[in-house]
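Here are a few friendly notes to read with the structure open beside you. Take the points one at a time and find each place in the model as you go.

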Amino acid sequence: MPVRLMPATIIDREHIPLWSAKPVDFAVSSTNESGGMWRFVVENGVYNLDPTKADSYGKTNFINPSRTYPFDGNLATAGSEVYTNSTSWVDADAGVDMSTPNRYLILLKVGVSTTSGSACNIGLFGSEDMVTWTLLWSASSSSLATYYALIKPVRCRAVKVMFANSRGGSYYSSCSTYELSLYKV
Amino acid sequence: MARMKVPVQRIPRDGEVLVVPQVDPSIPEFYVLNVEGDEAEIEVPERAQIEMLRNELENLKRRVSELEKAVMPRATA
């Protein structure tokens, strides 16, 4: 069942069209967490979303089923880091297949680090057919960093986290996904 | 939020195809709003714009310092 986004501090902003049936545009000014909930600001309205209410909550991590933390509903849990020295995009540690394409609001918390002198490129990719994967969000960091990303409602069936190092060879990047939440809208 | 259009690269990988917008490396973070053919529209969040402006400011300061050092010996000669 599609989730209804309830503003935390402004209760008469329910008409903000995040869950509209047709694509709409809106500005997101910040995304982070508070009290174990996703917290984001859309056009001066503050919204909280419970990660345990995500449609992806408890789903199998198809990148590595033993790594359950990206879908455990807990924004504080992360597993051991995965590493790469590849300069091409490679799978990281989180991916979920929702079985059928729908429009989803996606929230991601991921931590990255990288060997000094190089950068870690981290990205979230979405797919409708598990064959063609389109980059939805990306960041590049040359130091230890934690990212929160909010992907505006997008039609997809599956998403996965990928990463790469900017230099390769003896330079490595690492990452660990804390949480990846998909909400049907 | 700043928006711009950039070219798209399609990268074959282990039976998959990755669709990746080609973005200037100076942009530290971006969202992909839409992909149409060989072109994508991206959005750069404000925090990334701040980081870019800070980097640009540091580069300008460095450039000014270099120019000042180059000019000083001539001025005092």
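1. Let's begin with the overall form of chain B in this predicted model. Its radius of gyration is 19 Å, whereas a compact globule of 77 residues would come in near 11 Å. The C-alpha trace fits that picture, spanning about 65 × 25 × 20 Å along its principal axes.

2. What elements does chain B contain? You should find four strands and one helix. Read from the N terminus, their order is β-β-β-β-α, so-called shorthand that is worth tracing with your finger on the screen.

3. Next, look at how chain B packs. Of its 77 residues, 18% are buried. Among the contacts in chain B with a separation of 6 or more, 38% are between residues 24 or more positions apart.

4. Val23(B) makes a good landmark. You will find Val23(B) in the loop between β2 (16–21) and β3 (29–36) of chain B. Is Val23(B) buried or exposed? Val23(B) counts as buried because it has 20 C-beta neighbours inside 10 Å, and the cut-off for being buried is 20 or more.

5. Which residues does Val23(B) touch, once those up to four places away in sequence are set aside? They are Val6(B), Phe30(B) and Ile42(B). For a sense of distance, try Arg63(B): it lies 40 residues from Val23(B) along the chain, and the C-alpha atoms of the two are separated by 25 Å.

6. Now turn to the place where the chains meet. Chain A contributes 15 residues to the contact and chain B contributes 14 residues. On the chain A side, strand β7 (residues 132–141) supplies the largest share, with nine residues. That side of chain A consists of 10 nonpolar residues and five polar ones, with no charged residues.

7. The strands take part in this meeting too. β7(A) and β3(B) run antiparallel and are joined by three bridges. To see the pairing for yourself, find Ala139(A), which stands opposite Glu29(B) in β3(B).

8. Finally, have a look at the largest nonpolar core, which holds 58 residues. Strand β8 (residues 145–165) of chain A gives the largest share of this core, 11 residues. Which residues touch the most other members of the core? They are Leu124(A), Ile151(A) and Val159(A).

9. Leu124(A) deserves a closer look. Apart from neighbours within four places in sequence, Leu124(A) is in contact with Leu108(A), Leu136(A), Trp137(A), Ala149(A), Ile151(A), Val159(A) and Val161(A).

How values were computed:
Residues are numbered from 1 along each chain as its sequence is written. Chains are lettered from A and ligands numbered from 1 in the order in which they are written. This is a predicted model: local features need pLDDT of at least 70, side-chain atom pairs count only at pLDDT 80 or more; totals for chains, interfaces and linings use all residues. Helices (H or I, at least four residues) and strands (E, at least two) are DSSP runs, numbered from the N terminus. A residue is buried if 20 or more other C-beta atoms lie within 10 Å of its own, exposed if 12 or fewer, and partly exposed in between; C-beta atoms are placed from the backbone. Two residues are in contact if their C-beta atoms, placed from the backbone, lie within 7 Å. The radius of gyration is taken over C-alpha atoms; the globule rule is 2.2 Å times the number of residues to the power 0.38. Ala, Val, Leu, Ile, Met, Phe, Trp, Tyr, Cys and Pro count as nonpolar, Asp, Glu, Lys and Arg as charged, and the others, Gly among them, as polar. Two strands pair if DSSP finds at least two bridges between them. A nonpolar core is a set of buried Ala, Val, Leu, Ile, Met, Phe, Trp, Tyr and Cys residues joined through C-beta atoms within 7 Å.
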